[in-house]
Each structure stands twice: as structure tokens, then as C-alpha cells.
Amino acid sequence: MVSTVISATKNAYGLDLYLSPATAAHDQSNPGGPSVRVAHCSTIGDCTPETFLEDVGRVREDFAKTSLELETYHVILSHSHEELDPDSEFEVWLAHDFAREQMARAFPGRQIKIVTQADNGRWEAAGTAEKIWVKGKVHSHCQIANVAEEAVELTWRDADGNSSTAHYPAGRAFSSAMKNIHRVRAVTDEVVLQRFQYDNQAFMQSCREHARTAGMGTGDRKTLARQAEGKLSHYDELRMRLRIARAQATDWDDYTARLAADGVEVKRRGGHGDGVSYKWLDTPPARAGGRSGVGDDYKYAAVVEQCERNAQSLRRGEELAIPARSLVVPTSSLAQDRPRPVYLTEDGKPPWQQGEDSYAAHVRQTGGTYEGRAAQALATGEAGEGVTLTRDTDDRVTAAVDAGAGPLVVDVDPALLSRVHEVESREAAVTRAEARAAETIQSAKDEATTIRRQARADEAARVRTEWAAMRPQVIAEAEAAGRQHGQAAWERDERPALVTAARVEGFKRGHAEGRQEVTDELEAARKDRRAAAEQLREISGLTPEEAAERVLDEHTVKARVALTRYRVPKVAYDADGTPHRVTGADGKPAVTNAWEQMKTDVAHGPGRPDDVTVGQARRAGRQARQNLADRAERQKARSREKSKDKGFGL
């Protein structure tokens, strides 16, 4: 996999110094010692590695482009371990030769300095406290002049596959098409297919898929290196939460809801909402993409794509792999199942390894290598074809092999040969023991995995059983608590108003009943008094007013006191004796006391048609007065009771 990135160089001198042997190798903590800072260095165009910036400046002056802010651009071409081995000098040289070809095609007519390195090895965290050394990847830094020194015609294809051709005169600075990353990567893919004979795009896609399966997102490898050095940042906390939510969510809303529950705020940005920013607690917000982002895997499109895969897996009944809640995912850099290039050669091997098998077969057919034939003769004591054995005075055996260009003499000490066999036997035994140990460890791991799964299943079943048993009790307790809460709310909110309303209604009813009772009794007393006064007037020949006065005695005086305290509507009589209500100046019914109203009623009362004696009249008068006094007493007693109880009802 050859990855390609391009960027503008703000400080051309700083980049040139960074790529020079004067800068120390980056893998100073390499257990085997630091690597060489610069493995290969060369230039394209009219320039040299030592005078590159001076040569670039000369071209800028020749074309009057010294006012341009940018002097150079920077391209990095990086190879995976599965493609090129950083420990192989030949394969490191292959990377440098590849970079020269890619640069010549992508940026013709420009001065270019190419530096190939493999010194970016580092420690990566492999667990809670374990760390491993990961060798650096072979990569080439290419520093490209902004101003062209020669006129060229450039043809390329954009991201949609459309072909374009442009003429660039000498002295022309970089255009947007020149630095378009899709164009540059297309050139990389073409050179990979021709030089290395595999599909670069397909290989990169398989590597991304492997990283996704392993939970290793963009930016996680830098986190591994920081953790190995004991350094972490809030990005690591944020990325852990994003990684877990992304592995479980089935759509974008589910993804944002899980993050919100974990304290992460999500905002979509950009005209189409493709950009995303994340903010965890009170830490500064972090965008998904870019060199300083948390990783392209957490952009909107990448998250939605992963959510769709999760949903499909669940529909198939599969169990989603949830990452551990760990700040750093254990490294997968040295995993045995990492993807490898699929070479389009006949034997499936890299082009630079073509012919090795046929040569090895030829060597085996002709008796093996010279060294092998000599070793076989020394071990067996039998000289083969073209091999001569000799023994010196010290009992040392030597083998001479006819190599065509003169004899190849191999001297082997029998004691040394014996020790070699012994060491080889021990190594074979150790290898077998290691294999058995690996099988035992794997078996133990599988058994532990089975036990953990069964324990989780048992625990889930226990929880379900306990919940089923507790459910009726929980429901009953909840209902009792609800009833108690409702009763307390009724007592607090509704009962006082209901009691008050009942008391008011009771007061009204009692007041009306009492008033009606007094009114009925007074009306009966009036009738009796009118009858007594009429009888007395007829017997004694008195006027109605005199008869009314005579009817009253000492009992009547007591009743009068009581009646004067009781207020009643005022009633008057017309000339023909018809009663009517009296209205005051304010238009409301006039009010008087019961005593005055009674006198008016007696004075205008009708006469008795029947004739009675004086004795009968006196007896009837006394009885009427007694009844009137009794009613007055009852009225007073009732008034006293009402004064004690200021309300009726509840």
C-alpha cells in the first residue's frame, strides 16, 4: 500500500533541514540502535541535494517569481510493512526508485529533491502495561519547487475519470490542478501497477477494512505511541467514546444519542452537513477530519456507513463487537492477519523476486550450493561429485569443491560439527515445545472465552428470573405508593375546598330553614294576636289601636323585647286592607323589626265573625300571649345556639 499526501511548505529551509542527515534519526529508542536518518537522496532537474534551495531560488529569480510566498511543496509516499521490508536495503532502494518515477510523472519540468527514510519506528501500547517495538515504514519525502524550470504538457484524470490536458510554460507556479490530490494519487496508482504489479486502491481498501475490524481508527496509532511514552490527551478520551458509540449505533440519531449519554456533544458542520465536530464535557471541541482532527472514521459519511453495517449484522442475528472501554486500542501493527498485496504475477510473488524459484530448483538439480555440498560431505564423510576430502595432522577435515573458477575449500571441525548438531537438536526441541505451549495457551484462551460467555448468559438468566419474581411486588409497592400520594394530594389540594364549600352550603340551608321557621311562628302569632285583639275590641267596644295595646301584658312585654331585635321586611296595608311590600329611597325593600310589623298587622287585621264572651276572650288572649312568649323564648335560644356555631355542615 502506497499512501500519498501533499501539502504546501511554509518554511522551505526548515523542511530541507528536516530531511538532511544533520537531523537525528527519529527512532532513538530503537532496541537495536537508531536507524540511518537518510537511506537514499537524489534530485530531479537542474539541482543537487547539497544546493537544492539555492538552485530553486535561482530559477525563481530567472522568471521574476521571488515575490511568491511559497517556495516548495511537500509530497510523502509511504509503503506498508507487507509491501517493503525496512530492514532490506534492496527494498528500501526500490522505494526510492519508485519515488523518482512517481515524481517525474506527477510533476514534470520541476526541480525535486527526494529523500527516502525508514527511521520512524516507535513503541506502541499492546495492552494495559505492555508495549512492543514497531519498525518504521519505508517512506520518501519529496520537496518540489513551486516554479517550473521547463515548459511541459500535463495530462491527467480527475476523481470522476475525466481526462484533461494543460500546457505549463517555464516559470509557471503550481496551479490547483497541479496540486490536486486525486491527480497525484492516480499517478501513484499507475506507477504501483507498473512497478510493483498490484492494485494499490484495492490493497488500501482491504487495509482500511482490517483496521476497522480491529477497532483501529485514524489517529489511534499516534495514540498508541503517546501512551507508550506515558503521554495522553483529551483527544484519547474523546476518541474512546466515539469508537464505542460507532461500533454499536444503527443510525446517525442512535450514534448521537449514545454520545450524548456519554457526555459528548455532536454538531454537523458545512454546507451539506458533511463535517462533524465533537465536544466532550468542558474540553475544547475537536473536528473529525484534518491533520488535527480525531480521525476521518468519525466523519458523517463514515459513521453512517458503519451504522448501516451494524444494522445489517443485527438483522442477520450476529453479535456486534463492542470495543473495550480503554483509552487506547491494543496495536494491530504486527497482527498476522494483516492484508498483503495481491501481486498480478504468475506465481503471486513481487516482481523483484521473479526467477528465484527456478534458480533454486536449478541449484537443487545440480547438487545444491557449493557450501551445502561441502557440508554434506563433511557430515557424512563421503566425498561426492566434484568434492575432495582431506585430513591434516591435527585431525582436521577439509572439503574442496570444484566451483568452476577454482576450488572452494570448506574447513569444518568435527567437534564444532557435533556441537552444531546438538544445538540444532535443542532448537528443534524448543520449537516443538513452543508450539505445544502455544496450543495449550490457545486452548486455555478458548476455554476462558467459553466460560466468560456462559457466565454472562447465566448472569443474564438470573437477572431475568429475579426480575420476574420481584415484578408483582414492585408493581404492588408502586400502586400503594401511588394511592398514598394521590390521597395526600387530595387532602392537600381538594379536601379544604370541598369542606369550605360544604360548610357554606350548610350555612345557607340552616339559615334559610331557621328563618322560615321563625317566619312561620311569627305569622301564626300574628294571626292569634289579631284574633285576640278583635275579640277584645268587640267585647269591650275599644278601637283597634286600644285593643292591640290591651292585649299585651307582662308576657307580651318580654316578647316585644325579643321581637324588636328581629329584622323583617316592612309590609303596609292599603285602605281596603291589601298588604304590600314597602320600598326604600334606594329602591331596595325596607326593613323593620318584628314588633312594629306585628302592631301594624294587628291594627289592620280582619274581625272575627263568631261572637264570644268576655271570659272566652280573656282566656284566648292569655293563651295567645303565652304562646307568643314561648315562641319568643325558643327564638332567643335558637339565636344563642347559632352564635356559638358560626358555620353549618362539615
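Helices (H or I, at least four residues) and strands (E, at least two) are DSSP runs, numbered from the N terminus. This is a predicted model, in which local features need pLDDT of at least 70 and side-chain atom pairs count only at pLDDT 80 or more, while totals for chains, interfaces and linings use all residues. Residues are numbered from 1 along each chain as its sequence is written, and side-chain values use heavy atoms, with hydrogens and water left out.

Q: In which helix does L17 lie?
A: Residues 12–18 form the helix that holds L17. That helix is α1.

Q: Is L17 buried, partly exposed or exposed?
A: Buried means under 20% relative accessible area, exposed over 50%, and partly exposed in between (1.4 Å probe, protein chains only). The relative accessible area of L17 is 40%. L17 is therefore partly exposed.

Q: Which residues does L17 contact, leaving aside its neighbours within four places in sequence?
A: A contact means heavy atoms within 4.5 Å. With those neighbours set aside, L17 is in contact with A22 and T23.

Q: How many helices and strands does the protein chain have?
A: The secondary structure of the chain is made up of both kinds of element. The count comes to 16 helices and 19 strands.

Q: What share of the residues of the protein chain counts as buried?
A: The chain has 650 residues. The share that counts as buried is 34%.

Q: What share of the accessible surface of the protein chain belongs to carbon and sulfur atoms?
A: Accessible areas come from the Shrake-Rupley method with a 1.4 Å probe, and for residues only the protein chains shown count as cover. The surface of the chain comes to about 38700 Å². The part that belongs to carbon and sulfur atoms is 51%.

Q: Among contacts with a separation of 6 or more, what share is made by residues 24 or more positions apart?
A: The share refers to contacts in the protein chain. Residues 24 or more positions apart account for 65%.

Q: What is the mean pLDDT of the protein chain, and where does pLDDT stay under 50 near its numbered end at 650?
A: pLDDT is the predictor's confidence in each residue, from 0 to 100. The mean is 80, and 78% of the residues reach 70 or more. Over residues 607–614 the pLDDT is below 50, and this stretch has 12 contacts beyond near neighbours in sequence. With 13 contacts beyond four places in sequence, the other stretch is residues 646–650.

Q: How many salt bridges does a search of the whole structure find?
A: Side chains of opposite charge can pair when their charged atoms come close. A salt bridge is a side-chain nitrogen of Lys or Arg within 4 Å of a carboxyl oxygen of Asp or Glu. The search finds 21.

Q: How many residues apart are the salt bridge partners D46 and R58?
A: The closest N and O atoms of D46 and R58 are 3.6 Å apart. D46 is in the loop between β2 (40–44) and α2 (52–62), whereas R58 is in helix α2; their separation is 12 residues.

Q: How many residues separate D85 and K135, which meet in a salt bridge?
A: The N to O distance for D85 and K135 is 3.3 Å. The pair links distant parts of the chain, with D85 in the loop between β3 (72–79) and α3, and K135 in the loop between β6 (131–134) and β7 (139–145). D85 is partly exposed at 28%, as is K135 at 35%. Along the chain, D85 and K135 are apart by 50 residues.

Q: Why are R495 and E491 separated by about one helical turn, and in which helix?
A: The side chains of R495 and E491 meet in a salt bridge (3.6 Å, N to O). The spacing is about one turn because R495 and E491 are 4 residues apart in one helix, residues 414–540, which is α12.

Q: Which residues are linked with D97 in a network of salt bridges?
A: The network holds D97 and its linked residues. Those residues are E101, R105 and R195.

Q: What is the angle between the planes of F90 and W93?
A: Rings of Phe, Tyr and Trp (its six-membered ring) pair if their centres lie within 6.5 Å; planes under 30 degrees apart count as stacked, over 60 as edge-to-face and the rest as tilted. The structure holds 11 aromatic pairs. One of them, F90 and W93, is stacked at 6.1 Å centre to centre, with the planes at 25°.

Q: Which residues form one aromatic cluster with F98?
A: The cluster includes F98. Its other members are F196, Y198, F203, Y343 and W352.

Q: Over which rings does the charged end of R268 sit?
A: A charge sits over a ring if NZ of Lys or CZ of Arg is within 6 Å of the ring centre and within 35 degrees of the ring normal. The charged end of R268 is 6.0 Å from the centre of one ring, that of W252. At 3.6 Å from the centre, R268 also sits over the ring of Y300.
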